[in-house]
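Colleague: Before I rely on any of the labels attached to this structure, I would like to hear the reasoning behind them. Could we go through them one at a time?

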Amino acid sequence: MTEQQPWPEGVDVRYRTVGGATVDLSFTTYENHVGEPATGARAECLGCLTHYGPDLADITRRQAQAHAETCRALPRPEVQA
């Protein structure tokens, strides 16, 4: 098992895909249509680059987790300068 690296700034939840890439989830707070605070989220698979959201946090979280359970994309290599 490799040593865990710090998560990127703004990533609140991270799921590992079947292929070993990650799906990163970021939460945001906004004012809903009746002026109350609500939590939304965006997610991105760093293997196949699939995006979810912006949507309600619970919906995006479920989409991200379901995606991670089936995505076979490998992690993208870091570019060396």
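Colleague: How many salt bridges does the structure hold?

Modeller: This is a predicted model, and the structure holds 3 salt bridges.

Colleague: What makes the contact of R14 and D24 a salt bridge?

Modeller: The nitrogen and oxygen of the two side chains are 2.6 Å apart, and the cut-off is a Lys or Arg side-chain nitrogen within 4 Å of an Asp or Glu carboxyl oxygen, so the pair qualifies. R14 belongs to strand β1 and D24 to strand β2, so this salt bridge ties together parts that are 10 residues apart in sequence.

Colleague: Why is D24 called buried, and why is R14 called partly exposed?

Modeller: The relative accessibility of D24 is 8%, and buried means under 20%, so D24 takes that label. R14 has a relative accessibility of 25%, and since the middle class runs between 20% and 50%, R14 is partly exposed.

Colleague: Which residues are linked with D58 in a network of salt bridges?

Modeller: D58, R61 and R62 are linked in that network. The closest N and O atoms of D58 and R61 are 2.9 Å apart, while for D58 and R62 the corresponding separation is 2.7 Å; both pairs are counted because the cut-off is within 4 Å.

Colleague: Where do these residues lie with respect to one another in helix α1?

Modeller: D58 and R61 lie 3 residues apart in helix α1, which spans residues 57–70, and that spacing is about one turn of the helix. R62 is 4 residues from D58 in helix α1, so about one helical turn separates this pair as well.

Colleague: How do you know that D58, R61 and R62 are partly exposed?

Modeller: The relative accessible area is 39% for D58, 28% for R61 and 45% for R62. Partly exposed is the class between under 20% and over 50%, so these three residues belong in it.

Colleague: Why is no disulfide assigned to C45?

Modeller: The closest cysteine sulfur to that of C45 is in C48, 3.7 Å away, which is too far for a bond. Because a disulfide needs two cysteine sulfur atoms within 2.5 Å, the pair does not meet the cut-off, and the structure holds 0 disulfides. C48 is likewise in no disulfide.

Colleague: Are C45 and C48 buried or partly exposed?

Modeller: C45 is buried, with a relative accessible area of 0%, whereas C48 is partly exposed at 34%.

Colleague: What makes β1 and β2 a pair of strands?

Modeller: DSSP must find at least two bridges between two strands for them to pair, and β1 and β2 are joined over 4 bridges in the antiparallel sense. Within this pairing, Y15 stands opposite V23 in β2. The two strands form a hairpin with 5 residues between them, and G20 in the turn has a positive phi of about 100°.

Colleague: Why is T17, in the loop between β1 and β2, called buried?

Modeller: T17 has a relative accessibility of 4%, and the limit for buried is under 20%, so the label follows. Leaving aside residues up to four places away in sequence, T17 touches T22, V23, C45, A68, C71 and A73. Among these contacts, C45 is the buried cysteine discussed above, and V23 is the residue opposite Y15.

How values were computed
Residues numbered from 1 in each chain as written. Predicted model: local features only at pLDDT ≥ 70, side-chain atom pairs only at ≥ 80, totals over all residues. Heavy atoms only, no water. Buried < 20%, exposed > 50% of the residue type's maximum accessible area, 1.4 Å probe, protein only. Contact = heavy atoms within 4.5 Å.
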